[in-house]
Amino acid sequence: MKMVQEIVETEYFTLHTLCDGVFAAIAKPGQGAWSNAGIIDLGDELLVFDSLSTPSAGEELRRQAESLTGKKVKYLINSHYHGDHVFGNQVFSDTTIISTYVTEKLCKEKNKIEDYEKEKQDMNHYLLQLKKQIDSTEDTILKASLINQFQEMSKVLDDLSQLQIVLPSMLFEEKLTISGDDRTVELYCLGGGHSPSDTFMYLPKEKIAFMGDIVTEDLHVPIYNPEDFLSILKRVKQIDISKIVPGHGNVTDLALCDTLIEYLSLITHRAKEAIQNKLPLEEFASGFAIPIEYREWKGVNGIKANLTTIYTYLQKAKKSTF
């Protein structure tokens, strides 16, 4: 039985119907969407989850949302502050943009552009460095990750002159419920695993969850706080969910949470062992044998960045107990 039905191909993403009135926009690699998004027909109102990484992709997302439903977007949810999820916000500036207090603060601090010319120069320099890495690496997985990064950042650069940072206007802390005539959505922030504040959206009647980057497929997703990340995933597992839309990857189910729990648990266990054995970080990271199930996972920094994050986090935690 098919989990989803493909309905619309666009330049930036493929739209899938999850059930009547609920759609997932699954990003096409390297085309300027970069992350996934959601469209929810509440009955009397229309809600969008995440705005993609460029104004151009965000514009197409809104156009498709309103074309599919015949309604105007009322709400936009920002799952977290990273640009690939919020750089399309300006397209939704006339709607109610919702995030946590922490995400709004980070959008304001981390995403502001004060000098567009300098930003353009910095991005061109970054793309040049990426190109050098692409040309020099022989690792096929790393090369594919670098190429995708190069393509996505090039799309952001193409839109830079028209990019405006638009901040959320309705803020919450842990839970917010939005009720429409046909359905209700629940927004949850259980802490910060991937970023300092990660919001996901749950549709209780349909048992569908849009997870932002708390859940990703075949990706060494950057970690902010490994303990919170594990805690969030374990709490998500207690929710009655039949379909998950990850921040990156294909529509799936709760089994992907198990995969990520195993991944984080393994790295944490190995990092604890290394610290106990007084193995220096560089030796730990360079000597780590990647289990076969994670060898095809993408990410411009591979597994090494997450090994470093978790080792450093645990080492600090150990020192603070003395």
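Here is a walk through two buried residues and one sheet of this predicted model. Local features need pLDDT of at least 70, side-chain atom pairs count only at pLDDT 80 or more, and totals for chains, interfaces and linings use all residues. Numbering starts from 1 along each chain as its sequence is written, and side-chain values use heavy atoms, with hydrogens and water left out.

Let's start with Thr69, which lies in helix H1 (residues 55-69); helices are DSSP runs of H or I with at least four residues, strands are runs of E with at least two, and both are numbered from the N terminus. Thr69 counts as buried because its relative accessibility is 16%, and buried means under 20% relative accessible area (1.4 Å probe, protein chains only). Setting aside neighbours within four places in sequence, Thr69 is in contact (heavy atoms within 4.5 Å) with Phe23, Asp41 and Leu46.

Next up is Val221, in the loop between strand S12 (208-210) and helix H6 (226-236). With 4% relative accessibility, Val221 counts as buried. Residues up to four places away in sequence aside, Val221 touches His194, Asp213, Thr216, Phe229 and Asn306.

Strand S12 takes us to the sheet. Five strands make up an open sheet, ordered S9-S10-S11-S12-S13, with mixed pairing; two strands pair if DSSP finds at least two bridges between them. Strand S9 (175-179) and strand S13 (243-245) each have a single partner strand, so one side of each is left without a neighbour in the sheet. S12 and S13 pair in the parallel sense over three bridges, and Ala209 has Ile244 in S13 as its bridge partner.

Terms used:
Buried < 20%, exposed > 50% of the residue type's maximum accessible area, 1.4 Å probe, protein only.
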